[in-house]
Every structure is written in C-alpha cells, then in structure tokens.
Amino acid sequence: MAKFRFRLETLLRLRIAERDQRRAELTEVLAAEDRLRDQQAEIGEEIQTTYEMGRADVQQGRIDIDRLTAAQRQVAHFTQLIAEKQQLMEQLQPHIRQRREALVEADHEVRILEKLKEKQTERHQQQLDVVDSKLMDEIAQQRFARNEVTTWP
C-alpha cells in the first residue's frame, strides 16, 4: 500500500502561516500597549521627581515663585501626556480584542486540520495493519500447506 499523503497538506500549511501571521500581529499590538505603559510610568516618575524637587526647595526655605510656577506647568504637561497615553491605550483595546479573536479563529482552523490529518493517518495505519495481517495469514497458510504436503504419507 502507498505511503500516507494528506491531501489537505497545502491548506494546512497555509492555515499555519495565517495563524503565525495573526500571532505576530497580536504581538505587535501588545508591544505597542507595553510601550505606552512604560511611557506612562516614566512620565509618572518625572512628576514624582518634580514634586520632590519642589518639596526640597520648600524645606530648605527657598521659595522661588517662578520655579514653582514652572514646576506646576511641567506637572500639568506631564498629567496631560499621561491622559493622552491612556487614551491611546483605550483606542488599542478594540484592536487587541480583534486580533486575539482572529488568532483564536486561525488556531481553531489549524487544530481542525491537524485533527483531520491525525485521524486520516490513523485510518491509513489501520488499513496497513489489515493488509499486513492478511499477508501474514496467507504466508502462514502457504507454509502450513507445504508442511502438510511434505508430511502426508
């Protein structure tokens, strides 16, 4: 019997490539979200540093109104930047959800084809086992028949 050949192998490879593409797209969007989170954290650290510098100046008895005003403007600017980053992250959420769903669907299609291939491979192996079994039975019958003829009086 011929070697097993999955007739949908090309389709399976296409589905695997599509799944890998969907995975890469999701990874790209998640990386963008991570970058936005990192930027928010950095801006938060800048705000904290600005506050600490202002407290240090006040504790030392130095109150420079111009410097205090500049620090307040800087904090307001940083706060606005954090809000913008948060808005961008919220805008990314539908894209993340969409790409996750596309990845799940692509993975599902691959699993269906892989399961079909597995079942067909198993069925082919069972057919080979049946053919082998019949061949062995035939060989055994021929040997038995030869032994029967040679031992017959």
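Author: Let's sort out the classes before we look at any pocket: Ala, Val, Leu, Ile, Met, Phe, Trp, Tyr, Cys and Pro count as nonpolar, Asp, Glu, Lys and Arg as charged, and the others, Gly among them, as polar. Keep in mind, too, that this is a predicted model.

Reader: Okay, with those classes in hand, how many residues of each class are in the lining of the largest pocket?

Author: Six are nonpolar, three are polar and four are charged.

Reader: And how do I read the pocket itself? How much space lies in it?

Author: The general idea goes like this: rolling a probe the size of a water molecule over the atoms shows where empty space is left. In this model, the largest pocket holds about 190 Å³ of space.

Reader: Which residues lie nearest the centre of the largest pocket?

Author: Look for G54, D57, R67, L68 and A71, out of 13 lining residues. Helices α1 and α2 (65-150) each give the lining at least two residues.

Reader: On to charges. How many salt bridges does a search of the whole structure find?

Author: The idea first: a salt bridge is called when a side-chain nitrogen of Lys or Arg is within 4 Å of a carboxyl oxygen of Asp or Glu. Searching the whole structure turns up 11 of them. Take E109 and R15, whose closest N and O atoms are 3.2 Å apart. That pair links distant parts of the chain, with E109 in helix α2 and R15 in helix α1, 94 residues apart.

Reader: Which residues are linked in a network with E109 and R15?

Author: E18, R22 and E25 join R15 and E109 in a network of salt bridges.

Reader: What do salt bridges inside one helix look like here, say for R23 and D20?

Author: The side chains of R23 and D20 meet at 3.6 Å, N to O. Both residues sit in helix α1, three residues apart, which is about one turn of the helix. R37 and D34 also form a salt bridge, at 3.9 Å from N to O. They too are in helix α1 with a spacing of three residues, about one turn.

Reader: Why does R23 count as partly exposed?

Author: Go by the cut-offs: buried means under 20% relative accessible area, exposed means over 50%, and partly exposed is in between. R23 has a relative accessible area of 38%, so R23 is partly exposed. D20 is at 35% and therefore gets the partly exposed label too. The other pair reads that way as well: R37 is partly exposed at 41%, and D34 is partly exposed at 41%. Back at the link between the helices, E109 is partly exposed at 24%, and R15 is partly exposed at 27%.

Reader: What about F78, buried or exposed?

Author: F78 has 11% relative accessibility, so F78 counts as buried. You'll find F78 in helix α2. F78 and Q48 are 30 residues apart in sequence, and their C-alpha atoms are 10 Å apart in space.

Reader: Last one: which residues form a nonpolar patch on the surface?

Author: L8, L11, L14 and L116 do, with about 300 Å² of accessible area together. Among them, L11 lies in helix α1 (residues 9-59). L11 is partly exposed because its relative accessible area is 30%.

Terms used. Residues numbered from 1 in each chain as written. Predicted model: local features only at pLDDT ≥ 70, side-chain atom pairs only at ≥ 80, totals over all residues. Heavy atoms only, no water. Patch = residues over 30% accessible without salt bridge, like charges linked within 9 Å, V, L, I, M, F, W, Y side chains within 5 Å. Areas by Shrake-Rupley, 256 points an atom, 1.4 Å probe, with all protein chains shown as cover. Helix = DSSP H or I, 4+ residues; strand = E, 2+ residues; numbered from the N terminus. Buried < 20%, exposed > 50% of the residue type's maximum accessible area, 1.4 Å probe, protein only. 1 Å grid on protein atoms, 1.4 Å probe; cavity = no way out; pocket = protein on both sides within 12 Å on 5 of 7 lines; lining within 4 Å. Points joined across faces, edges and corners; volume = space filled by probe spheres on them.
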